[in-house]
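Q: I should like to learn how to read the features of a protein model one at a time. May we begin with a single residue and proceed from there?

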Amino acid sequence: MTRQRFTLLLLAALVVITGALYVATQRNQPQETQGVALLPSLANDLNTVTAVLIRKGSATPTLTLHKTGEQWTVKERMGYPADVAKIRTLLLSLRDAKIVEEKTADPARFSTIGVEDPAAPTALGAEVTVVAPGGKRAVIVGKPVGEGTFVRRVGENQTYSVEPAISLETEPRFWIDSRLLDVPVALIQSVDVKPATGAAYSIQRQNPTDNTYRLDGVPAGRKAMDAPALAPGPTTFSGLTAEDVAPAGEIDFGQASQVVVTLTDGNIITLTGTVVAAKHWLEVKATKDAALTAKTQGRAVEIASYRYDAIFKPLEQLLVPKEQPAKPAAP
């Protein structure tokens, strides 16, 4: 073999070895992922999503948000309407989340950043599954980190930190459409109150052009407050929101209070209220509000205690306080 041929063979071998070493090195190095979308295909399917499932501490979903037509509902709350704005916010955060950095791929360390198996009762993170005609995307959302969140795509061991942050509530009650009642004082013709205990009473609008009312049911020897002070508060029946819902049959309304609100358009809204284990519940019925009736039929709605107290106000609060007997003069 000539020296020239030997040199050429040596150079060829070096090229092959160098190439093999380069390929092996690249294979062992982490892929460049910074700035890549966590769920890159979600952007195309965002407007066709039909369901969002959330699972935490369970082998099955603990929250199911389902879309039929244009209506989103919460399965775990008897199909009660869901808060579309909250769902949209979650979907946008999943779409916009971009990888900042690769983190651990060691399952033994998943619980440290909250991306362990969400079926574990002590799981810190939650699995979010987005269902669309284009397929399912599932990701485990873990602990916050800096301006972002730790995540792990289901079926993978590689974990990441992503930004912007992905935040979500896992309890069904946080996903209901909380809007319940919005009746301005100007539309109220009368309010009839029948407390579970204590005297019943009624307030009647005196003049259609102002908010002065008359109190019926004043006890003997007592005096009603001035007419403007008898009017329902501006937020008594306006901006009323629900904190949770439950089947009406599961709430004991045997010793309930009742308020009947008659509006100037003839609509009559009946609120039946009770307090069970420090929670304040309402049954709501309306004679001329099909949307409200559909939303509340067969359901009890939990509201804040201070809103409940404003609705079921005792008669004493509408009366001029009793005069206290004068103290006898000191001897």
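A: Let us start with Gly 148, which is found in strand β8, residues 148-153. Please bear in mind throughout that this is a predicted model.

Q: Is Gly 148 buried or exposed?
A: Gly 148 has a relative accessible area of 2%. Buried means under 20%, so Gly 148 is buried.

Q: Which residues is Gly 148 in contact with, leaving aside its neighbours within four places in sequence?
A: Under that condition, Gly 148 touches Val 162, Glu 163 and Ala 165. A C-alpha distance gives a second view: Gly 148 and Ile 166 are 18 residues apart in sequence, while 7.1 Å separates them in space, C-alpha to C-alpha.

Q: In which strand is Ser 161 found, and what is it in contact with?
A: Ser 161 belongs to strand β9, residues 159-163. Its relative accessible area is 7%, so Ser 161 is buried. With neighbours within four places in sequence left aside, its contacts include Lys 98, Ile 99, Val 100 and Glu 101, and also Val 145, Thr 149 and Phe 150.

Q: How should I read the sheet, and in what order do its strands stand?
A: The general idea is that strands of a sheet pair through backbone hydrogen bonds, either parallel or antiparallel. Here an open sheet of nine strands follows the order β4-β3-β2-β1-β6-β7-β8-β9-β5, and the pairing is antiparallel. Strands β4 (80-81) and β5 (98-102) stand at the edges; each has a single partner strand, so one side of each lacks a neighbour in the sheet.

Q: How many bridges join β1 to β2, and which residue stands opposite Ile 54?
A: Strand β1, residues 51-55, is joined to strand β2, residues 63-68, by four bridges, and the two run antiparallel. Opposite Ile 54 stands Leu 63 in β2.

Q: What do the hairpins of β2 with β3 and of β3 with β4 look like?
A: β2 and β3 pair in the antiparallel sense over four bridges, and Lys 67 stands opposite Trp 72 in β3. Two residues lie between these strands, and Gly 69 in the turn has a positive phi of about 65°. β3 and β4 are also antiparallel, with two bridges, and Thr 73 stands opposite Pro 81 in β4. Their hairpin has five residues between the strands, where Met 78 takes a positive phi near 60°.

Q: Where does helix α3 lie with respect to the strands?
A: Helix α3, residues 84-96, lies across β1, β2, β3 (71-74), β5, β6 (126-132), β7 and β9. With β6 the helix makes an angle of about 95°.

Q: How many salt bridges does the structure hold, and which residue does Arg 137 pair with?
A: Side chains of opposite charge can pair when their charged atoms come close. The structure holds 11 salt bridges. In one of them Arg 137 pairs with Asp 45, the closest N and O atoms being 2.7 Å apart. This pair links distant parts of the chain: Arg 137 is in strand β7 (residues 135-145) and Asp 45 in helix α2 (residues 42-45), 92 residues apart. Arg 137 counts as buried at 9% relative accessibility, and Asp 45 counts as buried at 14%.

Q: What is the setting of the salt bridges of Glu 156 and Asp 216?
A: Glu 156 forms a salt bridge with Arg 153, with the closest N and O atoms 3.2 Å apart. Glu 156 is partly exposed at 30% relative accessible area, whereas Arg 153 is buried at 18%. Asp 216 forms a salt bridge with Arg 214, with a closest N and O separation of 3.0 Å. Asp 216 is partly exposed at 29%, and Arg 214 is partly exposed at 38%. In addition, Asp 177, Arg 179 and Lys 295 are linked in a network of salt bridges.

Q: How many aromatic pairs are there, and which class applies?
A: The count comes to one aromatic pair. The rings of Tyr 308 and Phe 312 have centres 4.6 Å apart and planes at 40°, so the pair is tilted. Tyr 308 counts as buried at 7% relative accessibility, as does Phe 312 at 12%.

Q: Where is the pLDDT of the chain below 50?
A: The mean pLDDT of the chain is 90, and 88% of its residues reach 70 or more. Over residues 19-30, however, the pLDDT is below 50, and this stretch has one contact in the model beyond near neighbours in sequence.

Conventions
Residues are numbered from 1 along each chain as its sequence is written. This is a predicted model: local features need pLDDT of at least 70, side-chain atom pairs count only at pLDDT 80 or more; totals for chains, interfaces and linings use all residues. Side-chain values use heavy atoms; hydrogens and water are left out. pLDDT is the predictor's confidence in each residue, from 0 to 100. Contact means heavy atoms within 4.5 Å. A salt bridge is a side-chain nitrogen of Lys or Arg within 4 Å of a carboxyl oxygen of Asp or Glu. Buried means under 20% relative accessible area, exposed over 50%, partly exposed in between (1.4 Å probe, protein chains only). Rings of Phe, Tyr and Trp (its six-membered ring) pair if their centres lie within 6.5 Å; planes under 30 degrees apart count as stacked, over 60 as edge-to-face and the rest as tilted. Two strands pair if DSSP finds at least two bridges between them. Axes are lines fitted to C-alpha atoms, for helices over the stretch in contact, and angles run from 0 to 180 degrees between N-to-C directions.
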